[in-house]
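I'm opening a notebook on a structure I haven't looked at before. I'll start with the empty space and then move on to what surrounds it.

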Amino acid sequence: MIKTLYWNQNNLYILDQRLLPLKTKYILCNNHTKVAKTIKDMAIRGAPAIGVAAAFGVYIASCEKSFNSVKELKRHLEKAINLLGSTRPTAVNLFWALDRMQSLIRGSYKSVDELRARLKKEVFDIFENDVQVNKKIGANGARLIRKNSRILTHCNAGALATAGYGTALGIIRSAFEKRKVKMVFVDETRPYLQGARLTTWELKQEGIPFVLITDNMAGHFMQMGAIDAIIVGADRIASNGDVANKIGTYSLAVLAKHHKIPFYVAAPTSSIDFSISCGSRIEIEERSTEEVVNINRNRIAPIGTVARHPAFDVTPNKYITAIITEKGVFKPRNLTLS
Ligand code: MRU
């Protein structure tokens with residue numbers, strides 16, 4: 001399986017997802033500013049993946065120059081964390097990973113090298129744990145899928161959106177291994193086309209049967225009885241089970257309820273933000289209009305056209321059948337992880 005990001009000889013390499021499926025090229029990130037840019041410009045995207053990348057960014061910041069004291073290093077790391085945290089506001093995994101790095105920085109250290117070593121250990125824990133967590137989500141979710149299912153998914157919540165394996169696509173992978181998946185309906189996911197470019201690419205590599213549809217076809221296929229379940233990822237889940245995910249998720253959930261189709265959200269518990277009570281408190285990233293009026297740098301609307309681009313929407317808990325995590329399957333209004 002192709003790697004979303006990897007570490008080699010003290011450098012981080014991030015797969016440039018903007019070039020997929022046509023080119024496979026990695027960006028060398030040897031300073032934290034570069035890591036922040038890859039996140040902001042969406043070379044790497046997907047909530048868990050940007051969390052992992054940001055954590056690497058903090059460790060890289062500790063190595064990118066020499067420091068005369070622990071205090072000087074800590075000051076530099078604070079600035080790096082601020083920059084990395086300013087890249088994308090919605091996915092809570094970014095802040096979850098940065099908080100983990102920050103808690104370490106608050107400790108006391110005898111030397112610069114000691115703090116560096118702690119940061120390195122922490123980042124590799126975050127990185128390696130993500131794949132394990134996704135495999136558990138996959139196994140927990142696959143149990144809910146019936147034989148011969150036709151599953152619709154939105155955006156890309158696959159290996160590319162994580163350190164590996166994926167969340168929503170992890171469930172599809174696991175269910176496919178158990179011969180439960182007949183067909184995956186892939187929403188193209190305007191405007192950034194994560195479905196058309198990335199999800200199709202992953203499914204093709206795995207030999208999982210799929211069909212690509214434009215976002216506005218989803219209701220039609222539900223009405224035709226062609227969809228048995230919908231599985232999506234999450235960027236942030238409020239404590240009442242409201243879910244922020246890629247723009248278009250809310251419309252799918254409403255349609256699913258109307259057609260009595262189970263609507264599942266797959267996410268690691270690091271995507272749950274217990275500090276907020278409900279989805280209306282989630283900051284929704286508004287991205288550039290250029291991403292709407294152009295497709296692959298080809299202009300599709302007249303010059304001067306104003307476009308809106310909220311990158312995410314919030315699905316209220318009442319539309320969600322279950323939230324599938326590594327710690328089990330929860331009713332959205334019953335998210336207690338103790
Ligand atoms: O803007 P993106 O591509 O970062 O948005 C990604 C999504 O909305 C995913 O569905 C979500 O992050 C879950 S990824 C496992």
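How many cavities of 30 Å³ or more does the rule count? I get one. A cavity here is a set of points, on a 1 Å grid over the protein atoms alone, where a 1.4 Å probe fits but cannot get out, and lining residues have an atom within 4 Å of a point. Grid points are joined across faces, edges and corners, and a volume is the space filled by probe spheres set on the points.

Before going on, I note that this is a predicted model, with local features needing pLDDT of at least 70 and side-chain atom pairs counting only at pLDDT 80 or more, while totals for chains, interfaces and linings use all residues. Residues are numbered from 1 along each chain as its sequence is written, and side-chain values use heavy atoms, with hydrogens and water left out.

**The cavity.** I looked up its volume and found about 180 Å³. It is lined by 23 residues, and Arg45, Gly46, Ala47, Asn156 and Asp235 are the closest to its centre. I sorted the lining into 11 nonpolar, eight polar and four charged residues (Ala, Val, Leu, Ile, Met, Phe, Trp, Tyr, Cys and Pro are nonpolar, Asp, Glu, Lys and Arg charged, the others, Gly among them, polar). Why does the largest cavity lie between domain 1 (5–135) and domain 2 (145–334)? Because both domains give residues to its lining; the bounds come from an automatic or database domain assignment.

**The two domains.** I find their centres, taken over C-alpha atoms, 26 Å apart. In contact (heavy atoms within 4.5 Å) are 28 residues of domain 1 and 31 of domain 2. Between them about 2600 Å² is buried, 58% of it from carbon and sulfur atoms; buried area is the accessible area (1.4 Å probe) that two parts lose on being put together, summed over both. Arg45, Thr90 and Asn134 supply 24% of the area that domain 1 buries against domain 2, more than any other three residues.

**Salt bridges.** I count one across the interface and 14 in the whole structure (a side-chain nitrogen of Lys or Arg within 4 Å of a carboxyl oxygen of Asp or Glu). Arg88 pairs with Glu285 at 2.9 Å, N to O.

**The pocket.** I also checked the largest pocket (an open set with protein on both sides within 12 Å along at least five of seven lines), which holds about 720 Å³. Among its 19 lining residues, Arg18, Tyr192, Ile295, Asn296 and Arg297 are the closest to its centre. Each domain gives at least three residues to this lining.
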